[in-house]
Amino acid sequence: MVSLQDKHSFRIPVYARDLIKVTSLDQLRDLPNTQDLWILGEGTNTIFTEDFDGSVLWVQLLGIEVQEESDAWILNVGSGENWHALVEYTLARNMPGLENLALIPGSVGAAPVQNIGAYGVELSEFVVSVEGYDLDAQEMRRLQNAACEFNYRESIFKTSQFSRFVITSVQLRLPKSWSPRLNYPDLADLSAASTPEAVMQRVIEVRQRKLPDPQQIPNAGSFFKNPILAVETVEGLRAQYPNLPVFPIDAAYCKVPAGWLIDKAGLKAMQVGDAGVHQNQALVLVNRGSATGQDITELAHKIIAQVYDIYGIRLEPEVRLLNSFGLIPKAHWWHHGA
Ligand code: EPU
């Protein structure tokens, strides 16, 4: 048995049967048993709520290669590199583009899995391809951007390639032509002449103000996804809640902030054991000391149930929660929660 407490940022003291640290591609070809595996990076979007009856594949493949083209830089980055360190690396070398995604916790390999996004920018717009080891076919494969099926916090690595494709490197393209992306409300007052560093500094400042530092207060970032609703549903909600912020997606759908729904429902004070809701951003659940996996799942169920009662909206976890068998499926939350 191996402790997982320092392998996931919620810091729940649970164990796995085994932990395999992967530092070379050869190790992937020689894995003794590819059943009951959980592929893990820095564990900032994964919560182990119970002892995991399987092996954790802890991917630590490093390396950054840069190629210059006439109009862009192409980066090949090992999946075990830290995401924010990569953002800093690119900006320090005058390769802008990733500044809105500064300070997102986690590894480069985890970034395409949930298609990380913040402040009006998503990773998917920079991905050329994702390379990995296919545990079923037992060979390396490269998926081009379109094959990754990116969507809001979604990708093929969560669906048909789930637990099958071990991401080993990510290829990114940063175009040389650059202008700041300031459409998100928190950045809207910055000057259009802002440098990439100035945008990054603002993003860091906003994140530090709103989001708890996982090193100080264990958490896994946004706990729920922002629900995507039909325009008519949002119009109905707006009649009742005129201040509800709405982010249009297309003519038929909008995204509404789950943090707002939770906050305005008065649920910031909700707590189960040491699991609670962060005061500055209700979308983030935190471990205030010795929260158990049961505390956190019970708190999530309560929030899902209350949000459904009040607004008729089903929240869905954005983090991936595991029980002893593996991923807790989405249906579980709605069955128990609403
Ligand atoms: N709001 C409240 N109360 C709260 C939290 C939010 O009223 O407690 C309101 C805010 O005032 C704002 C709106 O809700 O009007 C949106 O809040 P915010 O800008 O903080 O962003 P979010 O929609 O809650 C998403 C991402 C974050 C990302 C930010 C910025 C998801 C699930 N979360 O949060 O991502 O940093 O936008 O782009 O899409 C993460 O994935 O871990 C994460 C932190």
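**Note on the second largest pocket and the ligand site**

1. The second largest pocket has a volume of about 300 Å³. The model is predicted: local features need pLDDT of at least 70, side-chain atom pairs count only at pLDDT 80 or more, and totals for chains, interfaces and linings use all residues. Residues are numbered from 1 along each chain as its sequence is written, and side-chain values use heavy atoms, with hydrogens and water left out.

2. Some terms. A pocket is found on a 1 Å grid over the protein atoms alone, as an open set of points where a 1.4 Å probe fits, with protein on both sides within 12 Å along at least five of seven lines. Lining residues have an atom within 4 Å of a point. Volume is the space filled by probe spheres set on the points, which are joined across faces, edges and corners.

3. This pocket has 15 lining residues. Glu-316, Pro-317, Arg-320, Leu-327 and Lys-330 lie nearest its centre. By type, the lining holds 7 nonpolar, 1 polar and 7 charged residues. Gly counts as polar here, and Tyr as nonpolar.

4. Strand E20 (320-323) and helix H8 (330-337) each supply at least two lining residues of the second largest pocket. Helices (H or I, at least four residues) and strands (E, at least two) are DSSP runs, numbered from the N terminus. The pocket lies between domain 2 (64-206) and domain 3 (217-337), because both give residues to its lining. The domain bounds come from an automatic or database domain assignment.

5. Now the ligand. Around the ligand are 24 residues, each with a heavy atom within 4 Å of it. Tyr-119, Tyr-152, Arg-153, Tyr-184 and Asp-263 come nearest. The shell divides into 11 nonpolar, 5 polar and 8 charged residues.

6. Helix H6 (258-264) is one of the elements that each supply at least two shell residues. H6 gives the most, with 4 residues. Domain 2 and domain 3 both contribute to the shell, so the ligand lies between them.

7. Which ligand atom is 2.7 Å from an N or O atom in the side chain of Asp-263? A nitrogen atom. A ligand oxygen atom is 3.2 Å from a side-chain N or O atom of Lys-264.

Notes. A polar contact is a pair of N or O atoms within 3.5 Å; within protein, one must be able to donate a hydrogen and the other to accept it, and residues adjacent in sequence count only if both atoms are side-chain atoms.
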